[in-house]
Amino acid sequence: MALIFCRERVNAQQNNKIFRLNQRLKEGFKMTATYNPAARFEIRISEVEFRRTPTRTLMARIYQPQGAGQFPTLLDLHGGAWNNKDRMANAPMDEAVAKSGMLVVAVDLRLAQEAPYPASVQDANYAVRWLKAHAKQWHGDASNLGVLGSSSGGHVAQLLAMRPRDARYNAHPLPEAPNVDAALAYVATRSPISDPYARFQQAEKMKRAEMMQKSKTYFNPWEAVYEGNPQQMLERREAVSLPPMLIMQGALDDNVIPPIQEKFAATYRAAGGECQLEVFDGCSHEWVAEPGPQTNRAHEMVKAFIARQLVALRRAA
């Protein structure tokens, strides 16, 4: 068994290298954009429609640095336990990153009451392809597109990153760019629901009926909580993509508890991926919602992580 596991791990590492090489080749990977996380830019905020659904129009909020560009590009996916919030949820982080010289685009996702899993993942997958096709309108370079996801948005980000070519997630065609794929260069997350079933068990333990119901509304039928589960995907040894990932976690989070992230990070690394797990002492699930040193630290950590990934991609190109 040990020999088989070693071989599988080597194969996973090789597949991950092939994934990154193919991504560079597919998109030309000219890497024209440069990024200095210490830079300071004025930004312009605007909104555009990016997809119409049977229930409403999904909007994109554009945080555009003012300058000639081309600016590296980041897609932000909001949290809200799959049932709440919208593109405005992570505005302080989005503004902070954009002001360092990055085009940041935050999008609406359908909520569980509108459509259960995998609807929000389909919206996010479409947003990846849409942003790759349209980033130049705002002086963005999306050839090295990354994603930022918070809480349930982190769960969606992980699924996007690990299954960029899943036919279900790619359900909505992009007529103006039918050959653009949903591959991502890196993933940054805050309090991601890396194991939605373990998170449900924690809600049971804490007797949080409302939180339990939100999971049941989203994962309907309930068996989807195992299928659309990043932790269990790794444990099943699915053939997944493993772009570099950042997980920022509050030490006092009793919603998605630190052991969930520790287990996921270890499993991701064992599969051949790079995963940086950073625990924020004294912080709960949504610490970044309030100004303060730990929120500032999170902003700087995201920028530094992105800068490292862009340098690594440039060197590998």
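Hi everyone. Let me begin with a cut-off: a residue is called buried when its relative accessible area is under 20%. Ala 161 has a relative accessibility of 1%, so it counts as buried. Please keep in mind throughout that this is a predicted model.

Staying with that residue for a moment, Ala 161 belongs to helix α4. Its C-alpha lies 7.1 Å from the C-alpha of Val 187, although 26 residues separate the two in sequence.

Now to the inside of the protein. How many cavities of 30 Å³ or more does the structure hold? There is 1, and the volume of the largest cavity is about 70 Å³. Its lining is made up of 13 residues, and the ones nearest the centre are His 78, Trp 82, Leu 109, Ser 120 and Ser 152. Helix α4, residues 152-162, supplies the largest share of that lining, with 3 residues. What about the chemistry? Sorted by class, the lining has 7 polar, 5 nonpolar and 1 charged residues.

Just ahead of α4 comes something for those of you who like backbone angles. Ser 151 sits in the loop between β5 (140-150) and α4, and its phi is near 55°, a positive value in a residue that is not glycine. Is Ser 151 buried or exposed? Its relative accessibility is 7%, so Ser 151 counts as buried.

Arg 237 makes a nice companion. Its phi is also positive, near 60°, and again this is a residue other than glycine. You will find Arg 237 in the loop between α8 (230-235) and β7 (245-250). Here the relative accessible area is 47%, so Arg 237 is partly exposed.

Next, the aromatic residues. The structure holds 15 aromatic pairs. Let me pick out Tyr 117 and Tyr 169: their ring centres are 6.4 Å apart and their planes meet at 80°, so this pair is edge-to-face. Where do the two partners sit? Tyr 117 is in the loop between β4 (103-107) and α3 (119-134), and Tyr 169 is in the loop between α4 and β6 (186-190), so the pair ties together parts 52 residues apart in sequence. Both Tyr 117 and Tyr 169 are buried. They also belong to a cluster linked by ring pairs, together with Trp 82, Tyr 218 and Phe 219. You may remember Trp 82 from the cavity, where it is one of the residues nearest the centre.

Two arginines join in with rings as well. Arg 51 places its charged end over the ring of Tyr 126, 5.9 Å from the ring centre. Arg 297 lies over the face of Phe 280, with 4.1 Å to the ring centre.

A quick word on helix α3. With 16 residues at 1.5 Å each, α3 should span 22 Å, and its end C-alpha atoms are indeed 22 Å apart, so the two agree. The helix is mostly covered, too: 15 of its 16 residues are buried.

Finally, which peptide bonds should you look at for cis geometry? One runs from Gly 69 to Gln 70, with omega near 0°, and Gln 70 is in the loop between β2 (57-65) and β3 (71-77). Another joins Asn 220 to Pro 221, with omega about 15°. Pro 221 lies in the loop between α6 (209-218) and α7 (224-227).

That's my tour. Thanks for listening!

Technical notes
Residues numbered from 1 in each chain as written. Predicted model: local features only at pLDDT ≥ 70, side-chain atom pairs only at ≥ 80, totals over all residues. Heavy atoms only, no water. 1 Å grid on protein atoms, 1.4 Å probe; cavity = no way out; pocket = protein on both sides within 12 Å on 5 of 7 lines; lining within 4 Å. Points joined across faces, edges and corners; volume = space filled by probe spheres on them. Helix = DSSP H or I, 4+ residues; strand = E, 2+ residues; numbered from the N terminus. Nonpolar A, V, L, I, M, F, W, Y, C, P; charged D, E, K, R; others polar. Phe/Tyr/Trp six-rings, centres within 6.5 Å; stacked < 30°, edge-to-face > 60°. Buried < 20%, exposed > 50% of the residue type's maximum accessible area, 1.4 Å probe, protein only. Lys NZ or Arg CZ within 6 Å of the ring centre and 35° of its normal. Expected span 1.5 Å × (residues − 1).
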